[in-house]
Amino acid sequence: MKRNAEEIVEGNVSVKKRKANENFEKLNDFAQWIQKNNFMLSDKVKVSQEGSCAQYGLVAVDDISADEMLFQIPRSLLLNPDTCGIAKCLKEDSKDIAGTSGWVPTLLALMYEYTNPESPWRPYLDLVPDFSQLDLPMFWSKSERVDLLQGSGVAEAVRRDLANMEDEFNSVVRPFVRKHKDKFSPECESLEFYKRMVAFVMAYSFTEPLGLEEGEESAKTMPMMVPLADILNHVANNNAHLKFEKNALKMVATCNIKKDEEVFNTYGELANWHLLHMYGFAQPHPHNHWDTVEIQSVTMLDAMTALPVNTGTLLKKKRQLLTNMSLYGEDVGFIVGVDGILDELEMTEVLKVSCLDEDEVDRRLADDGWESDDEEDGDPALTYDSMDSLQGEWKSVLKRGAELTLGRYGSAMSEDQTKLGTMDLTSRQRYALYTVHGQKQLLNTLINKCS
């Protein structure tokens, strides 16, 4: 059924006021654009400000059944290096713009189209993103990241990102832009503008899984912008997902959706720290069942002092043994999820080492590591359902590791809970609290299970 643009979008003000409202005009232009370009938007949904958890979202205006298609995006309307207006230049210089991130071709395509008044994607780019709403930690001050995100790992990830961003911009992006000055706006030579485009890709892009043979590891193509699909918001318990087909991408309901409910996509099995780092938001505990926290290998070595056998000299030897096994180092850690230890095999090896006496450690070091035939099928699982079966020494070390990790945060759980109970929080403060408080809850669960 043919629908006019006002049926596709929905606001929260009168028609007269909406006509004067800049946001609504952008939304209306976008609605006309998707209608003109055969997105086949179902008449059971609307792009809406009202009823959405964020600035925009997709809301059901009628009951939807599982497996119903909500809309499609023709592949010709995907914004990527092959469809953009400088595709030929990008292809000719492909070796020079490979970069280390793998994102540079997409970013250059986006920079060109975003600054091009005549871009075929103009209605889309005028609507998304609103940089006043796209508040990733990379745009926070350094002091805010340190104060609000201490212990979460986000501040460290942002610091690495910013350094890599600047290096890739100076060594790859800016030289390409200057080489093709006739195609790029002067704005494209700005590092700050480039950071905004990186944030756009981080928060809005999709990557298409490659078709692989059974048993091969999953791989993905470079990111691409997918109009309309990127307006959907994320929750861990999503009710829709994006299907990649030959001629189009289709958003399909994964379960029944009732009238007036928001349609949610999933950005993946992402912990809160990842959501905040990449997308600028987080979910309150316990709503994100993909949430995780990392216990660092350095912390686990310190935790071994929970066992009397582990004196200073022996700990140094165990550190060397774990290093030989690739289980120790500043960048090595073990992930704890809502159901227990996710890195079970690695953590099991660490716990075994924690119980070794000095003679056994010396023998292992002489053998240059763990014996190849020492892998046991009977090792207990490190899920919470199986935690009762663990030997006491393992529980002691795990508990101490979680307690030491709790000490890296700048506030106590009780303080977090008090703050979360107030309404006087900025979005940055609230999402940061969701992230750090969720991690503390996971650590506290581990402590209780090992007590």
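In the predicted model, strands β6 and β7 run antiparallel to each other and are joined by five bridges. Together β6 and β7 make a hairpin, with three residues separating the two strands, and within this pairing phenylalanine 244 has leucine 249 of β7 as its bridge partner. On β7, which comprises residues 248-253, another five bridges are formed with β4, again with the two strands running antiparallel; here proline 74 is matched with alanine 248 of β7 as its bridge partner. The outcome is an open sheet of three strands in the order β4-β7-β6, in which the pairing is antiparallel. Its edge strands, each of which pairs on one side only, are β4 (69-74) and β6 (240-244). When direction is ignored, neighbouring strands of this sheet are turned against each other by 20° on average. Strands of a sheet pair, in general, through backbone hydrogen bonds, and may do so in either the parallel or the antiparallel sense.

The residues of β4 are also approached by a loop residue from an earlier part of the chain. Methionine 40 is located in the loop that lies between α3 (22-36) and β2 (45-48), and, when residues up to four places away in sequence are not counted, methionine 40 touches Met69, Leu70, Phe71 and Gln72. The C-alpha atoms of methionine 40 and isoleucine 73 are 8.0 Å apart in space, although the two residues are separated by 33 residues in sequence. Methionine 40 counts as partly exposed because its relative accessibility is 46%, a value that falls between the limits of under 20% for buried and over 50% for exposed residues.

A separate set of pairings is centred on strand β8, which covers residues 262-265 and whose residues are all buried, with Glu262 and Phe264 pointing one way and Val263 and Asn265 the other way. Such an arrangement can be set beside the general rule that, in a regular strand, side chains alternate between the two faces of the sheet. Strand β3 (residues 57-60) runs antiparallel to β8 and is joined to it by two bridges, with leucine 58 having valine 263 of β8 as its bridge partner. Strand β5 (residues 233-234), by contrast, pairs with β8 in the parallel sense, likewise over two bridges, and in this pairing histidine 234 stands opposite asparagine 265 of β8.

Strand β5 also appears among the packing partners of helix α10. This helix spans residues 272-279, and because six of its eight residues are buried, α10 is largely enclosed by the rest of the structure. The buried positions of α10 are Asn272, Leu275, Leu276, His277, Met278 and Tyr279, and these residues pack against α7 (142-149), α8 (154-179), α9 (191-204), β5 and α17 (427-449). After α10 comes glycine 280, whose phi is positive, near 85°.

Helix α17, one of the elements that pack against the buried residues of α10, also lies across the strands β9, β10 and β11, and runs at about 60° to β9. These strands form an open sheet of three strands in the order β9-β10-β11, with antiparallel pairing. The edge strands in this case are β9 (293-296) and β11 (340-341), each pairing on one side only. Between β9 and β10, the latter covering residues 333-337, the antiparallel pairing extends over four bridges, and valine 293 stands opposite valine 336 of β10.

At the level of the whole chain, the model contains 17 helices and eleven strands, and 48% of its 451 residues count as buried. The C-alpha trace spans about 80 × 50 × 45 Å along its principal axes. Among contacts between residues at least 6 apart in sequence, 70% join residues that are at least 24 apart. The accessible surface of the chain amounts to about 22,100 Å², of which 46% belongs to carbon and sulfur atoms. As regards charge, the chain carries 48 positive and 74 negative side chains, and the centres of these two sets lie 7 Å apart.

Notes:
Residues are numbered from 1 along each chain as its sequence is written. Side-chain values use heavy atoms; hydrogens and water are left out. Two strands pair if DSSP finds at least two bridges between them. Axes are lines fitted to C-alpha atoms, for helices over the stretch in contact, and angles run from 0 to 180 degrees between N-to-C directions. Buried means under 20% relative accessible area, exposed over 50%, partly exposed in between (1.4 Å probe, protein chains only). Contact means heavy atoms within 4.5 Å. Accessible areas come from the Shrake-Rupley method with a 1.4 Å probe; for residues, only the protein chains shown count as cover. Lys and Arg count as positive and Asp and Glu as negative; His and the chain ends are not counted. The place of a charge is taken as NZ of Lys, CZ of Arg, CG of Asp or CD of Glu.
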